[in-house]
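This briefing addresses the open and enclosed spaces of one protein chain, together with its overall build. Please examine the structure below before reading on.

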Amino acid sequence: GVDAYGHLGIKLDSGGGRTGTALLPVGSDGRPSDDYSEVGGVVKVRLSNTVLKVGEKRVENPMIATGDARLLPQTATGAFLTSDEIDSLSIDAGHITAMNEFGSTNSDGGLQIQYAGNVGNTADWAGGTYTASDNLNLSLFASEVEDTWRRYYGNANYTLPFGDMHSLNFDFNIYRTLDEGKALAGAIENTTWSLASKYALGAHALTLAFQKVDGNDGFDYIGFNAIYLANSVQYSDFNAPREESWQLRYDLNLADYGVPGLTLMARYIRGDN
């Protein structure tokens, strides 16, 4: 089969003094384009419960995850494999050779990491998620960005129920990153982890989380969303070298109060170092 997409962005109001946010492409005159568009897609083959896709698409896993925080989303070009042949085990693997970044309409080769810029030309990953029980999920992934780094990821998510209304959830994430080849992003030896605990009581939930970057270099990543850590939020990732951060969060689900589909959240996060 085939999956295809088409995107069109139209400028309503902007100018040369309002660029630099990757929202719109900027021309040689320093002014944003009036409109921009792109098309893409994949060809796909399925055998049993395994699917291979080749082409351009959005990606979502702890190693490489494209984002949609601008008018047109990021996409990646390569080969993508998913498999659910084994009960309770989902496999995800891939190889990409280019990314279409925010504010762009083409994939012109080479990859960028979120903060340090251009790095190697290819990235590979493989991993999976195992549903051990209704209350326990485990994930393991490994990846390599050419001449940049090798990265390993683990996650354990466990929910302890207390009757119908109460539950306690623990979510642990850890990344280990080591420079590789030409080390285009510099020397890296970094372990970054987070642990979050969430207590839910009916419509209410209270979360306490801690996150730590153990290394003299910060935690960087490919794709806008490839940071599966508790304190990565809209305005900051709290991922500076040796940074420690903690979070207190409250959630309210208003379905119990007659407004299904509406949720409210408030949180406070503080980072040190």
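The model is predicted. Its largest pocket has a volume of about 710 Å³, and the second largest pocket holds about 290 Å³ of space. A search of the whole structure also finds one cavity of 30 Å³ or more. The chain that surrounds these spaces comprises 15 strands and zero helices.

**Largest pocket**

- The lining of the largest pocket consists of 31 residues.
- Gln-74, Phe-102, Gln-114, Gly-223 and Phe-224 are the lining residues that lie nearest the centre of this pocket.
- By character, the lining of the largest pocket divides into 14 polar, twelve nonpolar and five charged residues.

**Second largest pocket**

- The second largest pocket is lined by 17 residues, and those nearest its centre are Ala-196, Thr-207, Ala-230, Gln-247 and Arg-249.
- Four strands give two or more residues each to this lining, namely β11 (166–179), β12 (189–201), β13 (204–214) and β14 (244–253).
- Seven residues of the lining of the second largest pocket are polar, five are nonpolar and five are charged.

**Cavity**

- The largest cavity has a volume of about 50 Å³.
- Its nonpolar lining residues are counted as six, with one polar and three charged residues beside them.
- Residues of the lining include Met-63, Ile-64, Trp-149 and Ile-222, as well as Asp-124, Glu-144 and Arg-151.
- The strands β8 (123–131), β9 (136–145) and β10 (149–162) each supply at least two residues of the cavity lining.
- The largest share, three residues, comes from β9.

**Overall build of the chain**

- With zero helices and 15 strands in the protein chain, the radius of gyration is 20 Å, close to the 19 Å that the globule rule gives for 273 residues, so the chain is as compact as a globular protein of that length.
- The C-alpha atoms fill a box of roughly 60 × 45 × 45 Å, taken along the principal axes.
- Of the 273 residues, 38% count as buried.
- Among contacts with a separation of 6 or more, 54% are accounted for by residues 24 or more positions apart.
- The accessible surface of the chain comes to about 14600 Å², and carbon and sulfur atoms account for 54% of that surface.

Terms used
Residues are numbered from 1 along each chain as its sequence is written. This is a predicted model: local features need pLDDT of at least 70, side-chain atom pairs count only at pLDDT 80 or more; totals for chains, interfaces and linings use all residues. Side-chain values use heavy atoms; hydrogens and water are left out. On a 1 Å grid over the protein atoms alone, a cavity is a set of points where a 1.4 Å probe fits but cannot get out, and a pocket is an open set with protein on both sides within 12 Å along at least five of seven lines; lining residues have an atom within 4 Å of a point. Grid points are joined across faces, edges and corners, and a volume is the space filled by probe spheres set on the points. Ala, Val, Leu, Ile, Met, Phe, Trp, Tyr, Cys and Pro count as nonpolar, Asp, Glu, Lys and Arg as charged, and the others, Gly among them, as polar. The radius of gyration is taken over C-alpha atoms; the globule rule is 2.2 Å times the number of residues to the power 0.38. Buried means under 20% relative accessible area, exposed over 50%, partly exposed in between (1.4 Å probe, protein chains only). Contact means heavy atoms within 4.5 Å. Accessible areas come from the Shrake-Rupley method with a 1.4 Å probe; for residues, only the protein chains shown count as cover.
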